[in-house]
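User: I should like to go through this structure by question and answer. Please set out the reasoning briefly each time and finish on the value or name requested.

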Protein chains: 2
Amino acid sequence: MSAAAAARGRVVFVGAGPGMADLITVRGADRLRSAEVVLFDSLADPALRGLAPKARWIDVGKRGRTGVAHGAANERTSAGQAMINALLVKHASEGKRVVRLKGGDPGVFGRLEEELEALAAAGIECEVVPGVSAAMAAAAATQRPLTRRGSGRSVSLATAMTGDAGIQAGHHADTEVFYMAGRQLALLAHRLAEAGWPGGTPACVVSRAGWPDAIATDHTVATLADATALHAGRPTVVTLGAGATPIGTAPPRREHEHEHLAQPREHDRNRPGAPRQTLRARSTTTP
Amino acid sequence: MSAAAAARGRVVFVGAGPGMADLITVRGADRLRSAEVVLFDSLADPALRGLAPKARWIDVGKRGRTGVAHGAANERTSAGQAMINALLVKHASEGKRVVRLKGGDPGVFGRLEEELEALAAAGIECEVVPGVSAAMAAAAATQRPLTRRGSGRSVSLATAMTGDAGIQAGHHADTEVFYMAGRQLALLAHRLAEAGWPGGTPACVVSRAGWPDAIATDHTVATLADATALHAGRPTVVTLGAGATPIGTAPPRREHEHEHLAQPREHDRNRPGAPRQTLRARSTTTP
């Protein structure tokens, strides 16, 4: 390897967004196009490969895991993380232009810290391209802004998965968003009640936000566990409080079923919603 | 106007990202390309116009205001907002494909709620395309992830501008990010101290994140006011706590001056940083 080739080697961390390929940034797509090696987590949209067909794509995600947003990064073992760190250092040291593709935004529950540390220790240049985080994707899919006039002036992003520490929940902001919550909804509901959230607090559960088959369902803290079956096996985000409430006069909403956000039902558009305190596993669709 | 034309009219809210045109999503760029009318805030990168050169671009931002992230949306008067709402309804009702371009992510301090409400009341179909929010852009520019192993498990997004209620600050999450803080840093520091943040808590101030001339400076809660002059007149984000600390062994850092993130100084790369408690208006650059 020539000194010039070694000097060229660098790693660009790219936020792929919440899933579907066209939610990557233009800058991220450009970095992918010039990549020679791409390390990705298994949840990345296969369509992203079309941006760098000649690159070597290496799947470093944990296979067979579902129900978690942002890939399985937060459940990765230390050994698995060490392997990823070593691969990044190896390919960049060989002079390759490496892209490390991460779900959502790399700096939010992406374990970016550990990979940056390994590359800093090896003296390898890095760049970070931000991405759309799952909380924002869920809010866009449901057309429910995370901040609201008067009632929603702060947003908290937390993960429902904390490894050995078990699940955590607090009452910190007007709107709270929990990542990677799909398999822990009953426990999350319990912790939220313990933290002082009233049982009637609205909770919107969105899985596969940003995809054509995204599903959003309305619940409350008291009925949150009902969402488990509706979103089973899908990357899931829970939005709680001010940002979970529908906008405007008539959110499309139907009882006892769920459907894809991409299939709006026009005749539901002007149906008044029931009081949100009484919603139980009721589903919502938005155009 | 034909019924078909009226039916076609719709509004797509697009998150433009924190500023520079290539931080928009691919989906957002696609929506811009097919727009006939674009309503934008004055901070949007002029390069975005290249995506829709034949569209009618209408500047609805408050001119002459600087020092705020995400446009001047949060300072907009009710009359100004009503005018924007009316323009959105008017153009969509005329059958136009309208894009409402918003800085950052539309659902985070973007006053999206008010515009969605107006369009829902008028029966106009909407879509929301999420974007990169300023907090994530600042974290990417400084290569400082908002979440950290062990010490940074939650992130709070808040605005330092609350209109008539004055500035607010709390101690809610391991990492707190304040939007639109540029002109209020002294007051923000005061409120943070009142809320119980120790004076030595690291605070990273980033202005024009995502642009080639982004500036990042390191401070503490006690010295945060020193950042005012360094970032004067620029959209500014303050990151506090776990997510404000540099990564790895040797963050590039220099005393008593600031410089652009796009001009890394190689010889600073391996210089050990001083303890963060003693940082005073010290600047940092990252490659």
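User: Which residue in S4(B) does Val37(B) stand opposite?

Analyst: This is a predicted model, in which local features need pLDDT of at least 70, side-chain atom pairs count only at pLDDT 80 or more, and totals for chains, interfaces and linings use all residues. Residues are numbered from 1 along each chain as its sequence is written, while chains are lettered from A and ligands numbered from 1 in the order in which they are written. Strand S2 (residues 37–40) of chain B runs parallel to strand S4 (residues 97–102) of chain B, and four bridges join them; strands are DSSP runs of E with at least two residues, helices are runs of H or I with at least four, and both are numbered from the N terminus. Opposite Val37(B) in S4(B) stands Val98(B).

User: In what order do the five strands of the open sheet in chain B lie?

Analyst: Two strands pair if DSSP finds at least two bridges between them. The edge strands, S3 (56–59) and S5 of chain B, each pair on one side only. The pairing is parallel, and the order in chain B is S3-S2-S4-S1-S5.

User: What angle does the direction of H2(B) make with that of S1(B)?

Analyst: Axes are lines fitted to C-alpha atoms, for helices over the stretch in contact, and angles run from 0 to 180 degrees between N-to-C directions. H2(B) packs on the sheet and touches strand S1 (10–15), S2, S4 and S5 of chain B. Contact here requires that the C-beta atoms of two residues, placed from the backbone, lie within 7 Å. The direction of H2(B) makes an angle with that of S1(B) of about 140 degrees.

User: In chain A, which residue in S3(A) stands opposite Val38(A)?

Analyst: Chain A has an open sheet of five strands in the order S3-S2-S4-S1-S5, with parallel pairing. Within this sheet, strand S2 (residues 37–40) of chain A pairs with S3(A) in the parallel sense over four bridges. The residue in S3(A) opposite Val38(A) is Trp57(A).

User: How many of the residues of strand S9 in chain B are buried?

Analyst: A residue is buried if 20 or more other C-beta atoms, placed from the backbone, lie within 10 Å of its own, exposed if 12 or fewer do, and partly exposed in between. On one side of S9(B), Ile215(B), Thr217(B) and His219(B) are buried, and on the other side so are Ala216(B), Asp218(B) and Thr220(B). For strand S9 (residues 215–220) of chain B, the count of buried residues is six of six.

User: Which residue in S9(B) is the bridge partner of Val206(B)?

Analyst: Strand S8 (residues 202–207) of chain B and S9(B) run antiparallel and are joined by six bridges. The partner of Val206(B) in S9(B) is Ala216(B).

User: Why does Val177(B) count as buried?

Analyst: Val177(B) lies in strand S7 (residues 175–179) of chain B. Leaving out residues up to four places away in sequence, Val177(B) touches Ala135(B), Val155(B), Ser156(B), Leu157(B), Val237(B) and Thr239(B). Val177(B) counts as buried because its C-beta neighbours inside 10 Å number 29.

User: What relation links chain B to chain A?

Analyst: Copies are superposed by least squares on the C-alpha atoms of residues with pLDDT of at least 70 in both. A turn of 180 degrees with a shift of 0.0 Å along the axis lays chain B on chain A with an RMSD of 0.0 Å. That is therefore the relation of a two-fold axis.

User: Which element gives the most to the side of chain B that touches chain A?

Analyst: In all, 54 residues of chain B are in contact with 54 residues of chain A. Elements that each supply at least two residues to this side of chain B include helix H2 (26–33), strand S5 (125–129) and helix H5 (134–142). With seven residues, the element that gives the most is H4(B).

User: Which residue in S6(B) is the bridge partner of Leu157(A)?

Analyst: Strand S6 (residues 154–159) of chain A and S6(B) run antiparallel, joined by five bridges. The partner of Leu157(A) in S6(B) is Val155(B).

User: What is the mean pLDDT of chain A?

Analyst: pLDDT is the predictor's confidence in each residue, from 0 to 100. In chain A, 74% of the residues reach 70 or more. Over residues 63–74 of chain A, however, the pLDDT is below 50. The mean for chain A is 80.
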